[in-house]
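Welcome! Let us walk through this structure together, one stop at a time.

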Amino acid sequence: MMLLRANVLALGYSGCRPVLIDTLAAMLERGVTPVIPEKGSVGASGDLAPLAHLALAMIGEGESVLSR
């Protein structure tokens, strides 16, 4: 999900700063994986709720695991 999001943002059609793409790439390089619920009311909310959990991990507020 993180690689796909970085790829879409790097196309330049979304108004985001390059630091956002750099942060996603750094998380991938370091093996940081955000914890994103699969089930329940949060996991069944389409793509907005999972992306919110990804963003929380990026700003240091959400849960993440180191997968090396």
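Our tour of this predicted model starts at Thr33, which sits in strand β1, the stretch covering residues 32-34. With a relative accessibility of 33%, Thr33 falls into the partly exposed class. Who are its partners from further along the chain? Setting aside neighbours within four places in sequence, Thr33 is in contact with Ser64, Val65 and Ser67. Take Val65 as an example: 32 residues separate Thr33 and Val65 in sequence, yet their C-alpha atoms are 5.2 Å apart in space.

Now step back and look at the chain as a whole. It contains four helices and two strands. Reading from the N terminus, you will meet them in the order α-α-β-α-α-β. Links across the sequence are part of the picture here: of the contacts between residues at least 6 apart in sequence, 59% join residues at least 24 apart. Of the chain's 68 residues, 16% count as buried.

How confident is the predictor in this chain? The average pLDDT is 88, and 90% of the residues score at least 70. Confidence is highest in α2, with a mean of 95, and lowest in helix α3 (residues 40-43), with a mean of 58.

Let us stay with α2 for a moment. Its 13 residues, at 1.5 Å a residue, should span 18 Å, and the C-alpha atoms at its two ends are indeed 18 Å apart, so the expected and modelled spans agree. Just after α2 comes Gly31, which has a positive phi, near 75°.

Next, see how α2 sits against α4. The axes of these two helices come within 11 Å and cross at roughly 85°. Angles from 65 to 115 degrees count as roughly perpendicular, and α2 and α4 are therefore roughly perpendicular to each other. Which residues meet where these helices come together? On the α2 side they are Leu20, Thr23, Leu24 and Met27, and on the α4 side Leu54, Ala57 and Met58.

Several of these names return at our next stop, the largest nonpolar core. In general, nonpolar side chains tend to be buried together in soluble globular proteins. Here, the largest such core has seven residues: Met2, Ala6, Leu9, Leu24, Met27, Leu54 and Ala57. Three helices each supply at least two of the core residues, namely α1 (2-10), α2 (18-30) and α4 (48-58). The largest share, three residues, comes from α1. One of the core residues, Ala6, is in contact with Ile21 and Leu24, once neighbours within four places in sequence are left aside.

Belonging to one of these helices does not make a residue buried, as two alanines show. Ala10 is found in helix α1, and because its relative accessibility is 52%, Ala10 counts as exposed. Between Ala10 and Leu20 there are 9.5 Å in space, C-alpha to C-alpha, and the two are 10 residues apart in sequence. Ala55, for its part, has its place in helix α4. Is Ala55 exposed or partly exposed? At 35% relative accessibility, Ala55 counts as partly exposed. Its C-alpha atom is separated by 9.6 Å from that of Leu24, which lies 31 residues away along the chain.

Conventions:
Residues numbered from 1 in each chain as written. Predicted model: local features only at pLDDT ≥ 70, side-chain atom pairs only at ≥ 80, totals over all residues. Heavy atoms only, no water. Core = buried A, V, L, I, M, F, W, Y, C linked by side-chain atoms within 4.5 Å. Buried < 20%, exposed > 50% of the residue type's maximum accessible area, 1.4 Å probe, protein only. Contact = heavy atoms within 4.5 Å. Expected span 1.5 Å × (residues − 1). pLDDT = per-residue confidence, 0-100. Axes fitted to C-alpha atoms, helices over the stretch in contact; angles between N-to-C directions. Parallel < 35°, antiparallel > 145°, perpendicular 65-115°, else oblique.
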